[in-house]
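Visitor: I would like a close look at one part of this protein, set in the context of the whole chain. Please take me through it slowly.

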Number of protein chains: 2
Amino acid sequence: MLNENVHKKDMRSMEKKLTINDIARMAGVSRQTISRVLNNKPEVNEATRKQVLRIIEKHEFQPSLQARSMVTRKTNMIAVLLPDISNSFFAEIVRGIERTLRANKLHVFLMTSEEEIALENSFIQLAQNYNVDGMILCSPRLDEANLRKLIPRVSPVVLLNRDLDADGAACVVVDSLYGGYTATKYLIEKGHSKIGIILGPSRAYSNIQRLDGYKKALVEFGIPVEDDLIMHVEVDNKGVHKLTEQLVKKKVTAITAYNDLAAAYVIQACTDLNLKVPDDISVIGFDGSVISQFMNPALTTMSLPLFEMGQTIANTLVRMIKGDQPFERLTTIYPILKERNSTKSLS
Amino acid sequence: MLNENVHKKDMRSMEKKLTINDIARMAGVSRQTISRVLNNKPEVNEATRKQVLRIIEKHEFQPSLQARSMVTRKTNMIAVLLPDISNSFFAEIVRGIERTLRANKLHVFLMTSEEEIALENSFIQLAQNYNVDGMILCSPRLDEANLRKLIPRVSPVVLLNRDLDADGAACVVVDSLYGGYTATKYLIEKGHSKIGIILGPSRAYSNIQRLDGYKKALVEFGIPVEDDLIMHVEVDNKGVHKLTEQLVKKKVTAITAYNDLAAAYVIQACTDLNLKVPDDISVIGFDGSVISQFMNPALTTMSLPLFEMGQTIANTLVRMIKGDQPFERLTTIYPILKERNSTKSLS
DNA sequence: TTGTATGCGTTATCAA
DNA sequence: TTGATAACGCATACAA
């Protein structure tokens with residue numbers, strides 16, 4: 001049913017957008033006065049202001065933000081770079097970011113990198129070229145040297161889940177060590193000692209931390225760390241199924257997953273292997289996204305205040321942009337254990 | 001642990017961004033030549049081009065896209081307005097949109113309206129003021145008159161789930177009538193006749209369609225339409241629990257929900273009422289988002305190719321922008337019945 | 001092949 | 001309280 005529609009900005013729809021000059025002519029004043037009215041400057045006669053406003057409204061005149069930002073050097077745009085917007089972890093954070101930025105008359109320029117390092121690099125460049133007022137950056141892949149080089153170009157920057165002490169940068173970080181530790185300790189206290197862990201891409205900071213927390217808990221309770229119970233997903237969640245099978249073969253009684261979605265795949269794999277969760281095996285997730293509460297059994301998870309994290313990130317950036325307010329260089333978010341039905345005491 | 005960090009763009013970090021003029025001076029040519037090199041114009045001597053490129057790379061010069069777009073009238077930005085990015089329905093669509101736009105060197109200016117009509121209005125204005133090259137619009141709330149008035153300002157526009165025949169607009173629409181019809185028919189053929197339906201906000205086009213499909217199926221099979229089995233959620237999914245209770249009181253044997261998340265709440269409510277899904281009651285969802293496959297029982301749902309929809313939307317917009325390619329004024333997406341374990345024959 | 005002049009739509013500066 | 005002039009950084013048209 002393809003028709004011959006072709007979009008043309010033809011003469012009819014041209015009605016060449018009005019400029020400040022047009023309004024000035026109509027009002028019989030200089031364009032400077034229009035500018036003053038638009039910017040609510042005090043030094044303009046009330047009568048003329050009324051008159052100008054009338055004409056502006058009558059013609060629904062809207063100033064070009066591009067032209068304005070050419071001279072003010074501000075775009076009111078914030079670049080938000082993250083790996084994947086369809087991951088509910090990020091989507092919920094972005095919701096918090098967007099609302100807070102909006103409240104500060106800032107807007108979101110969204111960039112998703114799909115974890116490709118080349119894209120992350122070029123997007124930061126792009127943000128610079130668009131002259132954004134600041135950037136929110138979740139870049140698990142980019143190495144520190146590159147990061148340090150790129151940050152000054154788009155600063156201020158708020159980094160999500162990277163702890164980097166650099167000028168013009170602040171960090172909001174989940175304490176994954178604490179999270180990994182708490183989850184593991186919880187399982188140990190439930191009587192488990194053969195505990196598998198499935199981690200995301202190994203280079204990511206949060207994964208290293210999570211693993212450290214896992215080990216810390218084991219060591220604390222005198223349980224030996226077995227390297228073959230530590231699994232890394234390298235690409236995406238499809239690998240989780242296979243890793244779960246391997247862990248089951250090794251007779252684990254519990255599995256810690258690096259996020260809720262991965263935990264869902266773990267449970268699915270267990271079901272395929274005719275294992276009941278939590279009766280035969282306990283599973284704990286990480287992040288507390290919506291899916292965790294609808295899974296059956298409902299997922300025990302280390303829950304994160306994602307929306308609030310987004311707000312915190314945006315608020316920090318706003319303070320940095322304003323430039324006269326103190327801000328946290330490093331904000332640490334602690335996940336909270338939400339005990340539901342996917343875990344059970346080993347009795 | 002608040003420290004005294006205050007971000008200042010101080011002298012050190014100033015290193016005033018290079019302009020085309022700086023490069024011109026360094027290269028000993030006019031800024032025109034630089035511009036030609038940047039835009040890959042043929043009419044430039046190979047030697048000077050090499051020379052200029054060397055200097056550009058040496059200083060990592062990047063042209064200001066703002067200044068450029070002042071004269072070209074193109075920003076390469078596409079405004080994407082939708083109600084809620086944390087809704088996986090939209091998030092997955094945006095993923096498709098973003099990838100396709102990126103392939104066309106277009107970028108996403110994200111606006112979320114939280115279904116507030118005032119915000120939708122002002123965001124469209126904003127998109128105009130930023131002079132975006134086009135807009136993708138999912139605005140369930142805005143009435144047709146307003147839409148018609150605003151579209152010319154940001155055209156071309158692709159509308160999601162609105163069928164509006166307007167100049168400069170194309171539409172990508174889910175056939176919710178077909179979806180509602182198919183879901184209901186499926187349940188009827190499973191032996192159900194007392195079927196409840198839970199709809200989203202009633203004014204939304206897709207809900208009206210879905211209801212029509214529901215009725216069509218009932219009528220086709222000679223089953224009377226009972227108005228008190230038709231429920232509307234007016235605000236958010238919290239209402240679903242209550243509506244489910246009401247339907248259960250009316251002895252329905254099956255419930256159709258307007259999306260998967262709502263279906264999840266339905267199942268949760270059923271569980272709270274000590275009803276087993278699907279043994280005591282069948283539940284069917286809509287959209288086939290990730291949560292549907294991890295629910296237990298896995299959700300039977302009318303599945304939508306969300307990522308591909310995003311791609312279609314973006315592709316349509318790109319064709320409109322290019323202006324010399326035909327495009328579909330109306331693309332209809334048909335949901336596909338994905339039978340899983342939340343529905344059962346009434347025996 | 002290259003350079004000069006002009007303009008895009010605003011705000012900033014300074015003078016009236 | 002207002003207006004004239006000069007930026008902002010680039011691309012376009014035209015001349016050399």
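Guide: Before turning to the part itself, consider the chain that holds it, bearing in mind that this is a predicted model. Chain A has a radius of gyration of 26 Å, whereas a compact globule of 347 residues would have one near 20 Å. The C-alpha trace of chain A spans about 85 × 60 × 35 Å along its principal axes. Within these dimensions, chain A contains 14 helices and 12 strands, and buried residues account for 53% of its 347 residues. Among the contacts in chain A with a separation of 6 or more, 67% are made by residues 24 or more positions apart. The area that chain A exposes is about 15600 Å², of which carbon and sulfur atoms supply 50%.

The part to examine is an open sheet in chain A, built from six strands in the order 7-6-8-9-10-12, with mixed pairing. At its edges stand strand 7 (230–232) and strand 12 of chain A, and because each has a single partner strand, one side of each is left without a neighbour in the sheet. On average, and with direction ignored, neighbouring strands of this sheet are turned by 20° against each other. At one of these edges, strand 6 (residues 195–199) of chain A runs parallel to strand 7 of chain A and is joined to it by three bridges; here Leu199(A) stands opposite His232(A), which belongs to strand 7 of chain A. Helix 9 (residues 176–189) of chain A packs on the sheet, where it touches strand 6, strand 8 (254–257), strand 9 (282–287), strand 10 (300–303) and strand 12 of chain A. The direction of helix 9 makes about 160° with that of strand 9 of chain A.

From the other edge strand one can follow the chain onward to a single residue, Ser342(A), which lies in the segment after strand 12 (336–338) of chain A. Ser342(A) counts as buried because its relative accessibility is 0%, against a cut-off of under 20%. A polar atom of the side chain of Ser342(A) lies 2.5 Å from the backbone oxygen of Val283(A), and Val283(A) falls within the range of strand 9 (282–287). Leaving aside neighbours within four places in sequence, the residues in contact with Ser342(A) are Val277(A), Pro278(A), Ile281(A), Ser282(A), Val283(A), Pro297(A), Ala298(A), Leu299(A) and Thr300(A).

Conventions
Residues are numbered from 1 along each chain as its sequence is written. Chains are lettered from A and ligands numbered from 1 in the order in which they are written. This is a predicted model: local features need pLDDT of at least 70, side-chain atom pairs count only at pLDDT 80 or more; totals for chains, interfaces and linings use all residues. Side-chain values use heavy atoms; hydrogens and water are left out. Helices (H or I, at least four residues) and strands (E, at least two) are DSSP runs, numbered from the N terminus. Buried means under 20% relative accessible area, exposed over 50%, partly exposed in between (1.4 Å probe, protein chains only). A polar contact is a pair of N or O atoms within 3.5 Å; within protein, one must be able to donate a hydrogen and the other to accept it, and residues adjacent in sequence count only if both atoms are side-chain atoms. Contact means heavy atoms within 4.5 Å. Two strands pair if DSSP finds at least two bridges between them. Axes are lines fitted to C-alpha atoms, for helices over the stretch in contact, and angles run from 0 to 180 degrees between N-to-C directions. The radius of gyration is taken over C-alpha atoms; the globule rule is 2.2 Å times the number of residues to the power 0.38. Accessible areas come from the Shrake-Rupley method with a 1.4 Å probe; for residues, only the protein chains shown count as cover.
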